[in-house]
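Welcome! Take a moment to look over the sequence and turn the structure around, then try the exercises.

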Amino acid sequence: MELTLLYYFKTVAEMENITKAAESLYLSPTAVMKQINALEKHLDLILLERSPAGVRLTAAGEVIYQDAKFLLDYSRRSIANARQKMETDS
């Protein structure tokens with residue numbers, strides 16, 4: 001699974017709205033929805049309850065959201081640590 005899909009999912013979950021998330025990601029709502037659908041299909045889980053008012057996390061979505069936050073943060077820290085290590089070794 002790609003971190004990009006988790007990033008899109010995290011953004012949608014936090015904004016509780018696909019259109020607003022798409023705007024912040026500089027993507028179309030259709031593109032974001034396709035990515036969320038692909039993630040749900042890949043995981044074989046329903047992550048979001050969709051309604052005209054927006055989206056809400058399912059119980060499974062809440063678990064994936066918490067883990068996505070951790071993984072994305074861990075990834076950012078890992079890259080920062082690697083860059084710092086390169087600078088000190090130079």
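Below are six exercises, each with a worked solution.

This is a predicted model, in which local features need pLDDT of at least 70 and side-chain atom pairs count only at pLDDT 80 or more, while totals for chains, interfaces and linings use all residues. Residues are numbered from 1 along each chain as its sequence is written, and side-chain values use heavy atoms, with hydrogens and water left out.

**Exercise 1. The overall layout**

Find how many helices and strands the protein has, and the pattern they follow along the sequence.

Solution.
- Step 1: Begin with the rule that helices (H or I, at least four residues) and strands (E, at least two) are DSSP runs, numbered from the N terminus.
- Step 2: Under that rule, the protein has four helices and two strands.
- Step 3: Reading along the sequence gives the pattern α-α-α-β-β-α.
- Step 4: For the overall dimensions, the C-alpha atoms fill a box of roughly 55 × 25 × 20 Å along the principal axes.

**Exercise 2. Inside and outside**

Work out what percentage of the residues is buried, and what area the protein exposes.

Solution.
- Step 1: Set the cut-offs: buried means under 20% relative accessible area, exposed over 50%, and partly exposed in between (1.4 Å probe, protein chains only).
- Step 2: Of the 90 residues, 30% are buried.
- Step 3: Turn to the surface, using accessible areas from the Shrake-Rupley method with a 1.4 Å probe, where for residues only the protein chains shown count as cover.
- Step 4: The protein exposes about 6,200 Å², and carbon and sulfur atoms supply 54% of this area.

**Exercise 3. The nonpolar core**

Identify the residues with the most contacts inside the largest nonpolar core, and the helix that gives the most to this core.

Solution.
- Step 1: Recall that a nonpolar core is a set of buried Ala, Val, Leu, Ile, Met, Phe, Trp, Tyr and Cys residues joined through side-chain atoms within 4.5 Å.
- Step 2: As background, nonpolar side chains in soluble globular proteins tend to be buried together.
- Step 3: Here the largest such core has 19 residues, and those with the most contacts inside it are Phe-9, Val-12, Val-32, Ile-36, Leu-39, Leu-47 and Leu-48.
- Step 4: Helix 1 (3–15), helix 2 (18–25), helix 3 (29–43) and helix 4 (59–89) each supply at least two residues of the core.
- Step 5: Helix 1 gives the most, with six residues.

**Exercise 4. Two residues in helices**

Decide whether Val-32 and Lys-10 are buried or exposed, and list what each one touches.

Solution.
- Step 1: Val-32 is found in helix 3, and it counts as buried because its relative accessibility is 0%.
- Step 2: With contact meaning heavy atoms within 4.5 Å, and leaving aside neighbours within four places in sequence, Val-32 is in contact with Val-12, Ile-18, Ala-22, Leu-25 and Leu-27.
- Step 3: Lys-10 is found in helix 1, and its relative accessibility of 16% is why Lys-10 counts as buried.
- Step 4: Not counting residues up to four places away in sequence, Lys-10 touches Tyr-65, Lys-69 and Leu-72.

**Exercise 5. The strand pair**

Describe how strand 1 and strand 2 pair, and locate Gly-54.

Solution.
- Step 1: Two strands pair if DSSP finds at least two bridges between them.
- Step 2: Strand 1 (residues 48–51) and strand 2 (residues 54–57) pair in the antiparallel sense over four bridges, and a hairpin joins them through two residues.
- Step 3: Opposite each other stand Arg-50 and Val-55, and so do Glu-49 and Arg-56.
- Step 4: Gly-54 is in strand 2 and is buried because its relative accessible area is 11%.
- Step 5: Gly-54 and Ile-18 are 36 residues apart in sequence and 7.0 Å apart in space, C-alpha to C-alpha.

**Exercise 6. Positive phi in the loops**

Tell where Tyr-26 and Asp-44 lie, and give the phi of each.

Solution.
- Step 1: Most residues other than glycine have a negative phi.
- Step 2: Tyr-26 lies in the loop between helix 2 and helix 3, and has a positive phi of about 60 degrees although it is not a glycine.
- Step 3: Asp-44 lies in the loop between helix 3 and strand 1, with a positive phi of about 55 degrees although it is not a glycine.
- Step 4: Tyr-26 counts as exposed because its relative accessibility is 77%, and Asp-44 counts as exposed because its value is 69%.
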